[in-house]
Amino acid sequence: METEEIREKKEPKRLPVWACILLFALGLFVCMGLYGTIGFGLLSLILGDEARHPGLLVYTVTEASMLLSVLTPAVILLYFERRPFSDLGLTLKGHVRGLWYGLLVAMLLYLIGFGLSLAIGEVEVTGFQFDPLNLLGTFVFCLLVALTEEIMMRGYILGRLLHTRMNKFLALFVSALLFALLHIFNPNVAFLPMLNLVLAGMLIGASYLYTRNLCFPISLHLFWNWIQGPILGYQVSGNDLGTSLLTLHLPEENVLNGGAFGFEGSLICTVLMIIFTILIVWWGEKREAISLAVPRSC
């Protein structure tokens with residue numbers, strides 16, 4: 001135990017955490033301009049004037065450029081901080097189960113939330129359309145969104161905050177607030193959707209406090225969006241992702257069904273996210289208590 005404390009004290013000096021976060025934000029904006037221009041140029045060569053019209057391919061290429069824009073400053077700053085790439089939490093080894101747990105939590109959230117919405121008549125299913133190519137395309141798009149936002153908000157920003165003396169739950173809240181602010185210009189944003197986006201950031205990031213790994217957050221984020229939009233037919237954070245497996249009708253747009261913002265704008269979603277976040281924190285605290293109780297060899 002004493003040896004570990006000595007090693008921590010002898011760690012090489014690194015860039016201040018807050019400076020790293022500010023440099024990361026600056027690098028992100030620069031890379032967005034660079035990669036966005038390259039991506040649009042490639043689309044223009046391939047699609048011609050069609051590149052100017054929004055579509056799944058255009059959105060996917062744009063999101064791919066966003067992923068590169070996040071990874072570039074993150075990797076550069078990790079190098080200057082003298083930290084390994086694995087510090088972003090992208091390691092699969094020992095964390096593959098997190099991918100399955102993320103899928104399971106997303107399915108449970110919608111099984112309960114969508115099922116309850118149907119039962120009380122807040123949503124109605126009016127159609128069914130199976131389009132495998134569209135489902136595959138939207139899955140790839142949602143995967144890119146999940147990778148981009150999780151590497152940025154949890155892997156880098158929350159990861160850096162956890163290297164400060166800030167309380168881990170306050171760090172989680174700060175990262176969740178920044179995550180919500182990413183969506184502030186989304187269509188149909190209001191107070192409840194913004195509150196739910198903060199809660200979503202805390203739900204998705206809670207496991208990272210204990211694992212320092214992104215398998216669970218990426219999986220939950222991916223399937224949260226994909227099931228919500230392309231499968232069930234809701235708007236996703238106010239955005240329409242096009243054709244969906246189910247066609248939904250809202251008898252009335254209100255806070256119980258989320259209205260035009262989608263399920264994320266509903267009170268049902270609010271309650272479920274609070275419950276699941278508490279369960280994840282309970283699991284994490286129990287996990288930490290067990291690991292501390294296990295005696296270590298000298």
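**Helix packing, a salt-bridge network and the largest pocket**

The buried residues of α6 pack against α5, α7, α8 (208-211) and α9. Here, buried denotes under 20% relative accessible area, exposed over 50% and partly exposed in between, with a 1.4 Å probe and protein chains only; contact denotes heavy atoms within 4.5 Å. Helices (H or I, at least four residues) and strands (E, at least two) are DSSP runs, numbered from the N terminus. The model is predicted: local features need pLDDT of at least 70, side-chain atom pairs count only at pLDDT 80 or more, and totals for chains, interfaces and linings use all residues. Residues are numbered from 1 along each chain as its sequence is written, and side-chain values use heavy atoms, with hydrogens and water left out.

The residues of α6 that are buried are Ala171, Leu172, Ser175, Ala176, Phe179 and Ala180. An α-helix has 3.6 residues a turn, so residues three or four places apart point the same way. The end C-alpha atoms of α6 are 20 Å apart, which agrees with the 20 Å that its 14 residues should span at 1.5 Å a residue; the expected span is 1.5 Å times one less than the number of residues.

Helix α7 has 15 residues and reaches 21 Å from its first C-alpha to its last, close to the 21 Å expected at 1.5 Å a residue. This helix is mostly covered, with 12 of its 15 residues buried. Among the buried residues of α7 are Leu192, Pro193, Met194, Asn196, Gly201 and Gly205. The buried residues of α7 pack against α4, α5, α6, α8, α9 and α10. In α9, 17 of the 17 residues are buried, so this helix is largely enclosed by the rest of the structure. Gly233, just after α9, takes a positive phi of about 95°.

Side chains of opposite charge can pair when their charged atoms come close. The structure holds six salt bridges, each defined as a side-chain nitrogen of Lys or Arg within 4 Å of a carboxyl oxygen of Asp or Glu. Glu81, Arg83, Asp87 and Arg160 are linked in a network of such bridges. Within this network, the side chains of Arg83 and Glu81 meet at 3.7 Å, N to O, and both Arg83 and Glu81 are buried. Glu81 also forms a salt bridge with Arg160, with the closest N and O atoms 3.4 Å apart. Arg160 lies in helix α5 (residues 132-161) and Glu81 in the loop between α3 (56-80) and α4 (96-119), so the pair ties together parts that are 79 residues apart in sequence.

Arg160 forms a salt bridge with Asp87 as well, the closest N and O atoms being 2.5 Å apart. This pair links distant parts of the chain, with Asp87 in the loop between α3 and α4, Arg160 in helix α5, and their positions 73 residues apart in sequence. Asp87 counts as partly exposed at 21% relative accessibility, whereas Arg160 counts as buried at 0%.

The largest pocket has a volume of about 1100 Å³. On a 1 Å grid over the protein atoms alone, a pocket is an open set of points where a 1.4 Å probe fits, with protein on both sides within 12 Å along at least five of seven lines; lining residues have an atom within 4 Å of a point. Grid points are joined across faces, edges and corners, and the volume is the space filled by probe spheres set on the points. Of the 39 residues that line the largest pocket, the closest to its centre are Glu63, Glu149, Leu182, His183 and Asn186. The elements that give two or more residues to this lining are α2 (17-47), α3, α5, α6 (168-181), α7 (191-205) and α9 (215-231). Helix α5 gives the most, with eight residues. By class, the lining has 27 nonpolar, eight polar and four charged residues. Ala, Val, Leu, Ile, Met, Phe, Trp, Tyr, Cys and Pro count as nonpolar, Asp, Glu, Lys and Arg as charged, and the others, Gly among them, as polar.

Two further positions were examined. Thr37 is found in helix α2 and is exposed, with a relative accessible area of 57%. Asn254 lies in the loop between β2 (246-249) and α10 (267-293) and counts as partly exposed at 22% relative accessibility. Not counting residues up to four places away in sequence, Asn254 touches Glu122 and Gly259.
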